[in-house]
Amino acid sequence: MTTTERRAPGWLLPVALGLVLVALVTIALTRGPVDLDPDTPEGTVQEYLLAISDERWDDAVAVIHDDWRGTCDGFDLQSFAPGDFSAELGSSGGFGGSELREEFGAIGEPGSAEATIPENATRVEVTINHQNDGGFSNTWHENVTFELSFDGDFWWIVGDPWPYFIFSCPGR
Amino acid sequence: MGLVAILLLLAVVLAVVIVIQRSMGSKEEAATASGADIVAYLVLAIAMGVAGFALANLASTAFPGETFIFDPAEEVATSLSALVVSVPFLVYFWRRQVRRRVTYPGSAGWTLYLSLAELVFLTAFVISTVSFLDSLIAGDVTSAWTGVIVFGAIVAFHEFAVKDTPPLSDAGELRRVLGSAIGLITTTVGLIGVLTGLFGLGLEAIGGDPRDLGFEPWLAMLVVGAPIWWYRWLRPWDSQPGLPKLTWTVAVATVSLAVSLGAATSIVVMVSQYLVADTPPAGQHFDSLHVALSLFLAGIGVWFVHRRELRTAPTDAYLVYAYAIAAIGLVTAISMAIALTITTFSETLIVGRSGTDVVTFAVVLVAGAATWLVLERRATNKEVADTRVSWPRRLYTLGLGAVLGLIAAGALITTIFVLLRRVLADSQSGSLLEPSTVLVYTGLASFYLLRFYAVERAAAPPADVVAPFHVTIICSHPGMIASRFPSQAKLRVLHHDDAAGAITEEMAAAIVEAVGNRPSYVWVDGDGFRIAPMRMSTNSL
């Protein structure tokens, strides 16, 4: 090798990389989830999932539309409660929430297979990350779709939402 | 009736041997081309394979032990038919090639045949023996011992044949390398299994979940593989390492270091997650610790043995290893930096924290970056004394730089596409975070590597214009001299039997310098080397 003047000081690169790493990790560990507008479909889903995560079962059930909730209450949801989880907008294979919002905008357009969904309804896709064992495969992912309906100035969750407990409620 | 049938079969075999011998005997001495020799060895290999497996099948049918044989008569008929056809070819071609090896000791066909035989029959022997020992340790006696006897005998038969007439071609060590590979893989898998079982017992003793240990197959693999690996790899080699041995050494050193570093990183990830992030209880969180420990210990042991070999190997072999590990480290670091950045700045997290993911990405990023920096600098320091940039470094800087540059170009296209779509269609559409992150990291890494390539290329002395020239080397083993001559050299190697005529690394450098890009004959023996100019007409080039 003939080049002698081709290197910056040996410590420069490791130090620069180390500083970038420390900054990224600090931001990532101190930064919480985003705050979504509660008047949007995504905001309703966040409210529902945050309530489940904080074990506020009645608050979670409260954002499910009356027509679907029926006789279900917080106790029914609690018996299906998942373990620790985190949630992200979008499917695990997608680019995130903004991609999905655009997809929802296309729903109902002429020629679309989903044209039967009314204008006051939409879907929100969410990736649920479950805790698992240690090592590299420490989480496993579940792609979940929430259906929502706009009624009385609020986006209500309809159908049997994750973790799919409504079907088992007494009287249904 | 049975005796008559066997006699009849033997008569058929004898008749076929005589017919083949008469039909080919007249042409035998005339066929001196190596191509014809290779075809003969391939026919011999097929005949040996058919005969060997037919014999093993016949033996397992005759001594089935506790194994259920569905239709013994059909098995016997199939085996005998295969033997009747293959044995005449086997006997004839074996005897023919034994005679030819005396005349043409450097036959490439003999090397090829021995390598095929090693690959097929040593593998069959290992599988049979592991199965037999596994059953024996578990207290079952099955018919697996017949395979041990038959395939063991075939392996031993070839071993004696090699001692009688060892392969002298450039790739003569290929057979030993293949045998080493079979032994090493068997030993390592067995060792990992045994260690995993032992560490699993330890975890169980301190309160971990109970595990199904199942030591028997791993112990059997360890017991069978270790002696084979010792015999094939650790015994002294007859000559300087050639291309097959160097390639295997570099590959194993690279893979074993990557595995052990990966396993060690996995352990650090587990501990860091447990300390920093929200994790399940320790018994559950460290459930895979024993596997990671086993992989680390087995990997580091294999790496130590093969890395030691690289100390005496040509510099280029070490550089291939060092730059391969550096490349693995760099690619790992880039992947983790991309994942960590996206996780940090993503606006999609709506519930919980991604603490475990962040810890994983950060620890693996540190491990990858440290590996890259250490190995790249070691390799660079090794090259400082050299007057030219080595081909492994050129491959590393140009090859990896180009690949990363292509990825960066793809990310740039995606970034521009998202930006244009935002401008022209929907200001909210698409996410810029992912493509721009990939663009930044791969682009920086590509620039870093390609800049070195450009600087080193500009600083390199101008290449000499060399006319094509012929060199004929007469030696017992050429070593890696072919890689030292410029590409214009047309090399021919003739082998002689004097074991002292092997070309060492130092001698190779001296020969190349003494030849000085002129057509030459080179004779190598115990007294060193001698060079005579080659007289040839200009149109022969």
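Which residues of strand E2 (residues 469-475) of chain B point to one face and are buried, and which point to the other? The legends below take up this strand and several other spots in a predicted model.

**Figure 1. The two faces of strand E2 of chain B.** Here is the answer to the opening question: B:Phe469, B:Val471, B:Ile473 and B:Cys475 point to one face and are buried. B:His470, B:Thr472 and B:Ile474 point to the other face and are not buried. In a regular strand the side chains alternate between the two faces of the sheet, and the side chains along E2(B) do alternate.

**Figure 2. The strands that pair with E2 of chain B.** Strand E3 (residues 489-495) of chain B pairs with E2(B) in the parallel sense, over seven bridges. To find this pairing in the close-up, start from B:Cys475, whose bridge partner in E3(B) is B:His495. E2(B) also runs parallel to E4(B), and four bridges join these two strands. A handy landmark here is B:Ile474, which stands opposite B:Trp523 in E4(B).

**Figure 3. Helix H7 of chain B and its buried residues.** Helix H7 covers residues 216-234 of chain B, 19 residues in total. From its first C-alpha to its last it reaches 26 Å, close to the 27 Å expected at 1.5 Å a residue. Its buried residues are B:Trp218, B:Ala220, B:Met221, B:Leu222, B:Val224, B:Gly225, B:Ile228, B:Trp229, B:Arg232 and B:Trp233. What do these buried residues of H7(B) pack against? Their partners are helix H4 (108-138) and helix H6 (174-205) of chain B. While you look along the helix, it helps to recall that an α-helix has 3.6 residues a turn, so residues three or four places apart point the same way.

**Figure 4. Helices H4 and H7 of chain B where they pack together.** The two helices pack at an angle of about 135°, and their axes are 8 Å apart. That angle makes H4(B) oblique to H7(B). H4(B) passes H7(B) in a right-handed crossing. On the H4(B) side, the contact is made by B:Val126, B:Thr129, B:Val130, B:Leu133, B:Asp134, B:Ile137 and B:Ala138. On the H7(B) side, the residues in contact include B:Glu216, B:Pro217, B:Leu219, B:Ala220, B:Val224 and B:Ile228. Of these, B:Ala220, B:Val224 and B:Ile228 are also among the buried residues of H7(B).

**Figure 5. A strand of chain A pairs with a strand of chain B.** Strand E1 (residues 85-89) of chain A is mostly covered, as four of its five residues are buried. E1(A) pairs with strand E1 (residues 349-351) of chain B in the antiparallel sense, over two bridges. To locate the pairing, look for A:Ala87, which stands opposite B:Val351 in E1(B).

**Figure 6. Backbone features at A:Asp153, A:Pro163 and B:Asn517.** Most residues other than glycine have a negative phi, and most peptide bonds are trans. A:Asp153 has a positive phi, near 65°. You will find A:Asp153 in the loop between strand E3 (139-150) and E4 of chain A. Is A:Asp153 buried or exposed? A:Asp153 is exposed, because 6 other C-beta atoms lie within 10 Å and a residue with 12 or fewer counts as exposed. Further along chain A, a cis peptide bond joins A:Trp162 and A:Pro163, with omega about 10°. A:Pro163 sits in the segment after strand E4 (155-158) of chain A. In chain B, the phi of B:Asn517 is also positive, near 60°. B:Asn517 lies in the loop between helix H15 (505-515) and strand E4 (520-525) of chain B. With 17 other C-beta atoms within 10 Å, B:Asn517 is partly exposed.

**Figure 7. B:Leu297 in helix H10 of chain B.** Helix H10 spans residues 289-311. B:Leu297 is partly exposed, with 16 other C-beta atoms within 10 Å. B:Leu297 and B:Gly202 are 95 residues apart in sequence, and their C-alpha atoms are 16 Å apart in space.

Note on methods
Residues are numbered from 1 along each chain as its sequence is written. Chains are lettered from A and ligands numbered from 1 in the order in which they are written. This is a predicted model: local features need pLDDT of at least 70, side-chain atom pairs count only at pLDDT 80 or more; totals for chains, interfaces and linings use all residues. The expected span of a helix is 1.5 Å times one less than its number of residues. A residue is buried if 20 or more other C-beta atoms lie within 10 Å of its own, exposed if 12 or fewer, and partly exposed in between; C-beta atoms are placed from the backbone. Two residues are in contact if their C-beta atoms, placed from the backbone, lie within 7 Å. Two strands pair if DSSP finds at least two bridges between them. Axes are lines fitted to C-alpha atoms, for helices over the stretch in contact, and angles run from 0 to 180 degrees between N-to-C directions. Angles under 35 degrees count as roughly parallel, over 145 as roughly antiparallel, 65 to 115 as roughly perpendicular and the rest as oblique. A crossing is left-handed if the near helix is turned anticlockwise from the far one by less than a right angle, and right-handed if clockwise.
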